[in-house]
Amino acid sequence: MANLADEYGTDVEIYIKALTTTIHADTPTGAPAGLHDLLEQLGLERHAYPTDEPLYIWHTVPDHLDSDEQKRLANRAIPALLLAGYTVNCDPEVFDEALYQQAVHRLRPRTARPAPQQPAPAPSPSHSAPARRTP
């Protein structure tokens, strides 16, 4: 089994598996559990081979979704993965700029933080302090 994330040195490789219509998300060997958990939170399903000692873990979009929804789910996952600090590569056959931009737009309100408040300027003293001299 080829692992594209290992091959290309990325955290996540999103592509359509050859001779299928299934969208895969490969993660590198030894990827942190947090990455696998995040992919599941984003709607992808985890798979492992062999099942008793995972040597190879990958994720797929759910098969019960139609092809448009599968593509939408994959593209929506990309900004969240990038925001979490992961490197992601998505095959052009899967990537859709409009879906990606929609996902970025949806993330902004949740991640936007109010601008830090500037402290109010200190009131100026009513009388000026004497100049300080150094010896």
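**A tour from the β1–β2 hairpin to the aromatic pairs**

Begin by selecting L19, which adopts a positive phi near 65 degrees in the hairpin of β1 and β2, where six residues lie between the strands. The model on display is a predicted one.

Next, select the two strands that flank this hairpin. Strand β1 covers residues 12–16, and strand β2 covers residues 23–26. They pair in the antiparallel sense over four bridges. To view one position of this pairing, display I16 of β1 together with I23 of β2, which stands opposite.

Keep β1 selected and add strand β5, residues 88–90. Here the pairing with β1 runs in the parallel sense, over three bridges. The bridge partner of V12 in β5 is V88. Now display the surroundings of β1: four of its five residues are buried, so this strand is largely enclosed by the rest of the structure.

The tour then turns to the aromatic rings. In the whole structure, a search finds two aromatic pairs. For one of them, select Y56 and W58, whose rings are stacked, at 4.9 Å centre to centre and with 25 degrees between the planes. Y56 and W58 are both buried.

For the other pair, select F95 and Y100, which is tilted, with 5.6 Å centre to centre and 50 degrees between the planes. Are these two residues buried or partly exposed? F95 is partly exposed, since its relative accessible area is 29%, whereas Y100 counts as buried at 18% relative accessibility. The cut-off for buried is under 20% relative accessible area.

Definitions and conventions: Residues are numbered from 1 along each chain as its sequence is written. This is a predicted model: local features need pLDDT of at least 70, side-chain atom pairs count only at pLDDT 80 or more; totals for chains, interfaces and linings use all residues. Side-chain values use heavy atoms; hydrogens and water are left out. Rings of Phe, Tyr and Trp (its six-membered ring) pair if their centres lie within 6.5 Å; planes under 30 degrees apart count as stacked, over 60 as edge-to-face and the rest as tilted. Buried means under 20% relative accessible area, exposed over 50%, partly exposed in between (1.4 Å probe, protein chains only). Two strands pair if DSSP finds at least two bridges between them.
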